[in-house]
Amino acid sequence: MLSKKIYVLFLLILIVCSFSFFTINAKHKPLSNKIIFLDPGHGGLDPGSTYKNIYEKDINLKICFELKKQLEKKGAKVFMTRYGDYDLSSNNVRARKRSDLTNRAKIINKSDADMYISIHLNATQSSTWKGIQVFYDDVNQENKNIAKHFQKELNSYLKTNRSYSEIKGMLFNRQVKVPGILIEVGFLSNPNDRYLLRQDSYQIKLATNITKSLINYYNG
Ligand SMILES: [Zn+2]
């Protein structure tokens, strides 16, 4: 009789402990069932936007590494299209850029990713344009909602006021079937953005807020 009571008590403790574990895990690891593919724009021979000796490709990669770290802390499984200064073009192709973008899209499509996020820097002739801007391609129905959500959240965290926008005819975004967005995290052509984008502290701030926006997107 006593052993039966102990058994029931033990079972109850086990149920309570498992429940607490799942509750704590859901709170601290809200992305634990998600796979995210990060795409640092450009690389290798393709520097992206440049300003003197500052290359977009390098900043994109640094932000993605920080973002990977932050997303993993929240439980996500994270992959990247590149982990160093190279592009993904196939050997001996003439249309190097096209090949690079197609191969990036291919590896994302082959994965079980829930979302992809491409990181780029903007640049214009005028130095007055600034701020973070989210782009989407309507190839996937979910993309517009993701872009709208991220732009709203990021504007409020980073005190910017740009609007999300549709991009048409961008080969990479057209080819990726997984839901996702392209974030131009700032303007290399704007002195203030250019200063911020090179600071470790601002790169961490960007990664933290993109992670927060992602968690909120999945939590509705
Ligand atoms: Zn770019």
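Which residue stands opposite Gln133 in E8? In the predicted model examined here, that position is taken by Glu184. The two residues belong to a pairing of strand E6 (residues 133-136) with strand E8 (residues 180-187), which is antiparallel and comprises three bridges. Within E8, Leu182 stands opposite Phe135, and Leu182 is also the bridge partner of Ser118. The pairing of E5 with E8 is parallel and extends over six bridges. Burial of E8 is extensive, with eight of its eight residues buried.

These pairings form part of an open sheet of six strands, arranged in the order E4-E1-E5-E8-E6-E7 and mixed in its pairing. The edges of the sheet are occupied by strand E4 (77-80) and strand E7 (165-166); each has a single partner strand, so one side of each lacks a neighbour in the sheet. In general, the strands of a sheet pair through backbone hydrogen bonds, in either a parallel or an antiparallel sense.

Helix H7 (residues 200-218) lies across strand E1 (35-40), strand E5 (115-122) and E8, and runs at about 145° to E5. The length of H7 was compared with the expected value: at 1.5 Å a residue, its 19 residues should span 27 Å, and the end C-alpha atoms are 27 Å apart, in agreement. The buried residues of H7 are Tyr202, Gln203, Leu206, Ala207, Asn209, Ile210, Thr211, Ser213, Leu214, Ile215 and Tyr217. An α-helix has 3.6 residues a turn, so residues three or four places apart point the same way. The packing partners of the buried residues of H7 are the strands E1, E5 and E8 together with helix H2 (56-73), helix H4 (142-158) and helix H6 (191-197). Just after H7, a positive phi of about 70° is found at Gly220.

The model also contains a zinc ion, for which coordination is provided by His42 through NE2, Glu56 through OE and His120 through ND1, at 2.1 to 2.2 Å. Along the sequence, the spacing of these donor residues is H-x13-E-x63-H. Distant parts of the chain are linked by the histidine pair: His42 lies in the loop between E1 and strand E2 (50-51), whereas His120 lies in strand E5, and the two are 78 residues apart. Both His42 and His120 are buried. Strand E5 thus carries the zinc donor His120 and pairs with E8 in the parallel sense, while helix H7 lies across E5.

Methods:
Residues are numbered from 1 along each chain as its sequence is written. This is a predicted model: local features need pLDDT of at least 70, side-chain atom pairs count only at pLDDT 80 or more; totals for chains, interfaces and linings use all residues. Side-chain values use heavy atoms; hydrogens and water are left out. Two strands pair if DSSP finds at least two bridges between them. Helices (H or I, at least four residues) and strands (E, at least two) are DSSP runs, numbered from the N terminus. Contact means heavy atoms within 4.5 Å. Axes are lines fitted to C-alpha atoms, for helices over the stretch in contact, and angles run from 0 to 180 degrees between N-to-C directions. The expected span of a helix is 1.5 Å times one less than its number of residues. Buried means under 20% relative accessible area, exposed over 50%, partly exposed in between (1.4 Å probe, protein chains only). Donors are N, O and S atoms within 2.8 Å of the metal (3.2 Å for Na, K and Ca); water is not among the atoms, so sites may look incomplete.
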